[in-house]
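Q: Please take a close look at the largest pocket. What lines it, and how is the rest of the chain put together around that part?

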Amino acid sequence: MMEVNFKLKGILEERNMTQKELAKLANVRESTISDIVRGTRTVINFNHLAAIATALKIKDIKELMELREES
């Protein structure tokens, strides 16, 4: 079975950006960003995903997430 892995934690670290800063830029609740970073979010709103990608200037969704075999 496949699972979705979000790369948001690494992206934020690379850009020296806090979850709070991203939440403000993307207009998404900070708790939502935190859940995505921790991998505890089981449902992702497409509008949130688009807002996060836009805030981070990500054009290719592969930069933000990947599919991988469930361990």
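**The largest pocket and its setting**

A: Start with the fold. Residues 24 or more positions apart account for 65% of the contacts with a separation of 6 or more; contact means heavy atoms within 4.5 Å. This is a predicted model: local features need pLDDT of at least 70 and side-chain atom pairs pLDDT 80 or more, while totals for chains, interfaces and linings use all residues. Numbering runs from 1 along each chain as its sequence is written, and side-chain values use heavy atoms, without hydrogens or water.

The protein has four helices and two strands, taken from DSSP runs (H or I, at least four residues, for helices; E, at least two, for strands) and numbered from the N terminus. Their order is β-α-α-α-α-β. With a radius of gyration of 12 Å over C-alpha atoms, close to the 11 Å that the globule rule (2.2 Å times the number of residues to the power 0.38) gives for 71 residues, the protein is as compact as a globular protein of that length. The C-alpha trace spans about 35 × 20 × 20 Å along its principal axes.

Now the pocket. A pocket is an open set of points on a 1 Å grid where a 1.4 Å probe fits, with protein on both sides within 12 Å along at least five of seven lines. The largest one holds about 310 Å³, counted as the space filled by probe spheres set on the points. It is lined by 16 residues (an atom within 4 Å of a point). Closest to its centre are Val4, Asn5, Phe6, Gly39 and Arg41.

Four elements each give at least two lining residues: β1 (2-6), α1 (8-14), α3 (30-38) and β2 (65-69). β1 gives the largest share, four residues. The lining has seven nonpolar, four polar and five charged residues. Here Asp, Glu, Lys and Arg count as charged, and Gly as polar.

Next, the core. The largest nonpolar core has 18 residues: buried Ala, Val, Leu, Ile, Met, Phe, Trp, Tyr and Cys joined through side-chain atoms within 4.5 Å. Leu8, Leu22, Ile33, Ile52, Leu56 and Leu64 touch the most other members. α1, α2 (19-26), α3 and α4 (46-55) each supply at least two core residues, and α4 supplies the largest share, four. Beyond its neighbours within four places in sequence, Leu8 contacts Leu22, Ile33, Ile36, Val37, Ile52, Leu56 and Leu64. Buried residues (under 20% relative accessible area, 1.4 Å probe, protein chains only) make up 31% of the 71 residues.

Methods: Buried < 20%, exposed > 50% of the residue type's maximum accessible area, 1.4 Å probe, protein only.
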